[in-house]
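Please open the model in your viewer and keep the sequence panel beside it. The tour below goes from one selection to the next and says what to look for at each stop.

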Amino acid sequence: MRAETYGAADFKTNCLAILDRLARRDLDQVTITKRGRTVAVLTPPPSSAEAVETLHGFMRGSVAVPEGVDLLAPILDEPLSASDGKLHQ
């Protein structure tokens, strides 16, 4: 991981250059300190491919289906009225 730490004054002086390096992905992380304490951590945004990868399937594994439940089996014993073109009875 390519990380650098800057004091607040140094960051202020070099802000645009540091942001350009983050945008080019020359840096993975920039830590900004004030009086020796971390006040901010900057990282570049995820690429479009990374964003899509984290979006699709993010709930994978969060649903459990009890054993013996058939998700494809009909749940009603009677036909739906909508199949006859009726929306309400």
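Begin by selecting Thr-31, which counts as buried because its relative accessibility is 11%, under the 20% that marks the limit for buried residues. In this predicted model, Thr-31 is found in strand β2, which covers residues 29-34. If you display its surroundings and leave aside residues up to four places away in sequence, you will find that Thr-31 touches Glu-4, Thr-5, Tyr-6, Thr-38, Ala-40 and Val-41.

Stay with β2 and now add strand β1, residues 3-7, to the selection: the two strands run parallel and are joined by 5 bridges. One place to look at this pairing is Gly-7, whose bridge partner in β2 is Thr-33. When helix α1, residues 8-23, is shown as well, you have the whole of a right-handed β-α-β unit, made by β1, α1 and β2.

Next, select the residues of the largest nonpolar core, which has 7 members, namely Tyr-6, Phe-11, Ile-18, Leu-22, Leu-27, Val-30 and Ile-32. Both α1 and β2 supply at least two residues of this core, and α1 gives the most to it, with 3 residues. Pick out Ile-32 from this group and show its contacts, which, without residues up to four places away in sequence, are Tyr-6, Ala-8, Phe-11, Arg-37, Thr-38, Val-39, Ala-40 and Leu-42.

From the core, move to the charged side chains. How many salt bridges does the structure hold? There are 3 salt bridges to find, and a good one to start with joins Asp-28 to Arg-2, where the closest N and O atoms are 3.0 Å apart. This pair links distant parts of the chain, since Asp-28 is in the loop between α1 and β2 while Arg-2 is in the segment before β1, 26 residues apart. Asp-28 is partly exposed, with a relative accessible area of 29%, and Arg-2 is also partly exposed, at 42%.

Then select Glu-4 and Arg-21, which form a salt bridge with their closest N and O atoms 2.9 Å apart. Glu-4 lies in strand β1 and Arg-21 in helix α1, so this pair ties together parts that are 17 residues apart in sequence. The remaining stop of this kind is the salt bridge between the side chains of Asp-26 and Arg-24, at 2.9 Å from N to O; here Asp-26 is partly exposed, with a relative accessible area of 33%, whereas Arg-24 is exposed, at 52%.

Now turn to the backbone. Most residues other than glycine have a negative phi. Select Arg-25, in the loop between α1 and β2, and you will find a positive phi near 65°. Arg-35, in the loop between β2 and β3 (37-42), likewise has a positive phi, of about 55°, although it is not a glycine. Is Arg-35 buried or exposed? Arg-35 counts as exposed because its relative accessibility is 80%, whereas Arg-25, at 34%, counts as partly exposed.

For the last stops, select Ala-23 in helix α1, which counts as exposed at 62% relative accessibility. The C-alpha atoms of Ala-23 and Thr-43 are separated by 9.1 Å, although these residues are 20 residues apart along the chain. Finally, go to helix α2, residues 48-55, which is hardly covered, the count of buried residues among its 8 residues being 0. Gly-57, which follows α2, has a positive phi near 85°.

How values were computed:
Residues are numbered from 1 along each chain as its sequence is written. This is a predicted model: local features need pLDDT of at least 70, side-chain atom pairs count only at pLDDT 80 or more; totals for chains, interfaces and linings use all residues. Side-chain values use heavy atoms; hydrogens and water are left out. Helices (H or I, at least four residues) and strands (E, at least two) are DSSP runs, numbered from the N terminus. Buried means under 20% relative accessible area, exposed over 50%, partly exposed in between (1.4 Å probe, protein chains only). Contact means heavy atoms within 4.5 Å. Two strands pair if DSSP finds at least two bridges between them. A crossover is right-handed if, with the strands pointing away from the viewer, the path from the first strand over the helix to the second runs clockwise. A nonpolar core is a set of buried Ala, Val, Leu, Ile, Met, Phe, Trp, Tyr and Cys residues joined through side-chain atoms within 4.5 Å. A salt bridge is a side-chain nitrogen of Lys or Arg within 4 Å of a carboxyl oxygen of Asp or Glu.
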